Amino acid sequence: MGTVAVHGLCKSFGKVQALDGVTLDVPDGSFFVVLGPSGAGKTTTLRAIAGLEKLDAGSVHLDGRDATGDAPAARDLAMVFQSYALYPRHTAYENIASPLRARRCSSSEVAAAVEQMSSLLHIERLLQRRPAQLSGGEMQRVALARALVRRPRAFLMDEPLTNLDLKLRVEMRTELTRIHRSLGGTFVYVTNDQVEALSMADQVAVLKEGKVQQVGTPTEVYERPANQWVAGFVGSPPISLLACHAEGDRLVGAEGWTLPRPRWTTAEDGRPLLLGLRAEDLSVEQRGNASLSGELYGLEPLGDRTVVDVRVGTEILKVKARPTVTGTPGERLLVTVDLDRVHLFDAGTGLALSEAGR
Amino acid sequence: MGVSVDETVSTGPVRDHTPPARRLGGRGRSVLEVALLTALAVVMLFPVLWMIETSIKENRDVYAIPAKFFDFKVTMDHFKDVFFASGGGRSALSVSFLNSVVVAGVSTVLATVLGVPAAWAYSRFAVKAKKDQLFFILSTRFMPPVVVVIPIFLMYRQVGLFDTKLGLILIYTAFNVPFTIWMMKGFVDEVPAEYEDAAMLDGYTRLQAFWRFTLPLLVPGIAATAVFALIFSWNEFVFAIFLTSSDTVRTAPPAIAGLIGGTTVDWGLVAAASVVFALPVLVFAYLVRKHLVAGVTLGAVRR
Ligand SMILES: Nc1ncnc2c1ncn2[C@@H]1O[C@H](COP(=O)(O)OP(=O)(O)OP(=O)(O)O)[C@@H](O)[C@H]1O
Ligand SMILES: [Mg+2]
């Protein structure tokens, strides 16, 4: 068992409202990712779950039991801190052993558990070193080992991979997913990296300025963003947003373009909207009837693909293309739109229009 | 973790540092410097040297005119007089030294035991009107002892603390606790609170987390602070002379001062007593010098 549920968490630091009614429901055994930009309140959320932060309002339930006022030690959680928080005077071995020592495990149990964790995270060579003698990535792995060495109710991880280099990060991503699957615990994982969120999560909660924007599976969050902000934050290259309004069976852009109106939308004529177009739902290489005309603004070769920036009026569209695509800036282009996959947002509230009819 | 460091050292190869002598204007200047420093050192250290010399001179040489710098007879009689009464048994001075040790030691330990956890609490917890409280704590040190000693004397007489070692211990502790809180709060602030957070998640209570993970990192700071507190209590004169009257309670500073006065002054004894009085603090500071430097420069904690 290991469910974590928080309800209506509020926390302010002086004038800063770090958490503003955060409600999350983490099912037992799930890999739950809290995704948000810097300063969104991700760390504060984890600290609230861990009992390290005194809340202004809200409750924390662990395994269905109200644990709001409980001491951190009584909550039976493990946490990887964003700053590692490895004990500077202890060796890596003693750091990893600390949660077991606190629970008075015998030294043979400790040795076995530390050995297992260190081989899992490839840090056997580092066990006798102190944190000051470790690199950032090595410290991060020791911090992970310290959290994973025990079987707590849930693991709280605060950006545990951010300080690793790209190659190691990708490796550790799969590694962590594997560890999650083999240990079967509940993971609450905080990150500002949407790739991590989409690739690892069972469920993602998108957080912005202390408010939960959307909770859902990675696919839901990506394919059905609840609002304009989530659409812009999740996905790379970012979604392109064009100002427009509906007029009969057409969408008319502020820049003069027109597209067939998606059948599912019920927006009344003239209401200011934002059309969201993901780079992979656009193409400069196919011909079709639903298209926008613009001019080539720039090319961004990324190896496996090239992102083509197309200027439509004063707005820039990002279009995913094959790496072989070429062109000169200023050249006229026709961008084909996959009309089944566009998103519409209310320009005033930023909320997604109901896609019920889709 | 410092980020700014990179920016300041990143530009270009490291240039040779100009040798200090050159920078100050050539060889002549450096000779002048050495001469001035030597003169200063002689002026500063002469009284100490004279005190040590006098303490090992025979009385005849002590009073000799002109003064004898080198060719005097060495004797340890004065030191013997410091510790033993002329008729045998302990001297009054040796009792006063023992009192000093007890009073300074106990008050320093008390101030540390009370002050360090208080500093930790002020550093870690949201306390109402924290700044005002800290200012109030510091303000107790604004009054010079001479100003408050009379009311304290009257109060002590009422409650029976006058002329007791406990009375002195209490007043020195009261003086050292604010100092300890202020010094130690700086050191505790330097230790990231997350060590304790991590320890609590490991399964320790808050106090265990403090005791096992933060306290060891504070040792240099505690050593530095305790040395200062000890020096204060050891040297304190005003309270000691006003709040004690009997030889059995009196600490060393008023006891030594009491040797001067009267019709004849036994300068050899005064000097020997002063040497004995100066030694413990020097030795103690020497023993903890590593911590002292680390503590005073606040560089003790690695982040
Ligand atoms: N102890 C504190 N005192 C004052 N303000 C704080 C404190 N902790 C957090 N904040 C503020 O609360 C907000 C949320 O902080 P939090 O650390 O939870 O962000 P985060 O999402 O973890 O960001 P990052 O990705 O940069 O770690 C920020 O605006 C931050 O400045
Ligand atoms: Mg954070």
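**Cavities, pocket and strand pairing in a predicted two-chain model**

The second largest cavity encloses about 40 Å³ of space, and it is described here from a model that is predicted. Its lining is made up of B:S100, B:V103, B:A104, B:Y172, B:S233, B:W234, B:E236, B:T251 and B:P253. Two elements, α6 and α11 of chain B, each give two or more residues to this lining, and the largest share, three residues, comes from α6(B). When the residues around the second largest cavity are sorted by class, five are nonpolar, three are polar and one is charged.

Over the whole structure, the search finds two cavities of 30 Å³ or more, and the largest of them has a volume of about 70 Å³. The largest cavity is lined by residues of chain A, namely A:L77, A:A78, A:M79, A:F81, A:P99, A:R146, A:A147 and A:R150, together with B:A198, B:L201 and B:D202 from chain B. Two or more residues of this lining come from each of β6 (77-80) and α4 (136-148) of chain A and from α10 of chain B. By class, the lining of the largest cavity contains eight nonpolar and three charged residues, with no polar ones.

Rolling a probe the size of a water molecule over the atoms shows where empty space is left. Besides the cavities, the structure has pockets to consider, and in the largest pocket the space amounts to about 810 Å³. This pocket is lined by 29 residues, of which A:L52, A:E53, A:K54, B:R124 and B:R206 are the closest to its centre. The elements that supply at least two residues each to the lining are β1 and α1 (42-50) of chain A and α6 (92-124) and α10 (194-202) of chain B. Of the contributing elements, α10(B) gives the most, with four residues; α10 of chain B is also one of the elements that give two or more residues to the lining of the largest cavity. The lining of the largest pocket is divided by class into twelve nonpolar, five polar and twelve charged residues.

Helix α6 of chain B, which takes part in the lining of the largest pocket and of the second largest cavity, also carries one member of an aromatic pair. A pair of aromatic rings is described by the distance of the centres and the angle of the planes. The structure holds 17 aromatic pairs over all chains, and among them is the tilted pair of B:W120 and B:F210, with 4.5 Å from centre to centre and 35° between the planes. Because B:W120 belongs to helix α6 of chain B and B:F210 to helix α11 (residues 206-235) of chain B, this pair ties together parts that are 90 residues apart in sequence.

Strand pairing in chain A can be followed in a hairpin and in a sheet. Strand β1 (residues 4-13) of chain A pairs with strand β2 (residues 16-26) of chain A in the antiparallel sense, over eight bridges, and in this pairing A:F13 stands opposite A:V16 of β2(A). Two residues lie between the strands of the hairpin, where A:G14 takes a positive phi near 60°. Farther along the chain, five strands of chain A form an open sheet in the order β15-β19-β16-β17-β18, with antiparallel pairing. Its edge strands, β15 (282-283) and β18 (315-321) of chain A, each pair on one side only. Within the sheet, β16 (residues 291-301) and β17 (residues 306-312) of chain A run antiparallel and are joined by six bridges, and A:L299 has A:V308 of β17(A) as its bridge partner.

Several loops of chain A hold individual residues with notable local features. A:R104, in the loop between α2 (92-102) and α3 (107-120) of chain A, has a phi near 55°, which is a positive value in a residue other than glycine. A:P237 lies in the loop between α8 (228-233) and β11 (240-247) of chain A, and a cis peptide bond, with omega about -5°, joins A:S236 to A:P237. In the loop between β13 (258-260) and β14 (273-277) of chain A is A:R261, whose side chain reaches the backbone oxygen of A:T265 at 3.0 Å. Beyond its neighbours within four places in sequence, A:R261 is in contact with A:A246, A:G248, A:D249, A:R250, A:L251, A:T266, A:A267 and A:D269.

Note on methods. Residues are numbered from 1 along each chain as its sequence is written. Chains are lettered from A and ligands numbered from 1 in the order in which they are written. This is a predicted model: local features need pLDDT of at least 70, side-chain atom pairs count only at pLDDT 80 or more; totals for chains, interfaces and linings use all residues. Side-chain values use heavy atoms; hydrogens and water are left out. A polar contact is a pair of N or O atoms within 3.5 Å; within protein, one must be able to donate a hydrogen and the other to accept it, and residues adjacent in sequence count only if both atoms are side-chain atoms. Contact means heavy atoms within 4.5 Å. Two strands pair if DSSP finds at least two bridges between them. On a 1 Å grid over the protein atoms alone, a cavity is a set of points where a 1.4 Å probe fits but cannot get out, and a pocket is an open set with protein on both sides within 12 Å along at least five of seven lines; lining residues have an atom within 4 Å of a point. Grid points are joined across faces, edges and corners, and a volume is the space filled by probe spheres set on the points. Ala, Val, Leu, Ile, Met, Phe, Trp, Tyr, Cys and Pro count as nonpolar, Asp, Glu, Lys and Arg as charged, and the others, Gly among them, as polar. Rings of Phe, Tyr and Trp (its six-membered ring) pair if their centres lie within 6.5 Å; planes under 30 degrees apart count as stacked, over 60 as edge-to-face and the rest as tilted.
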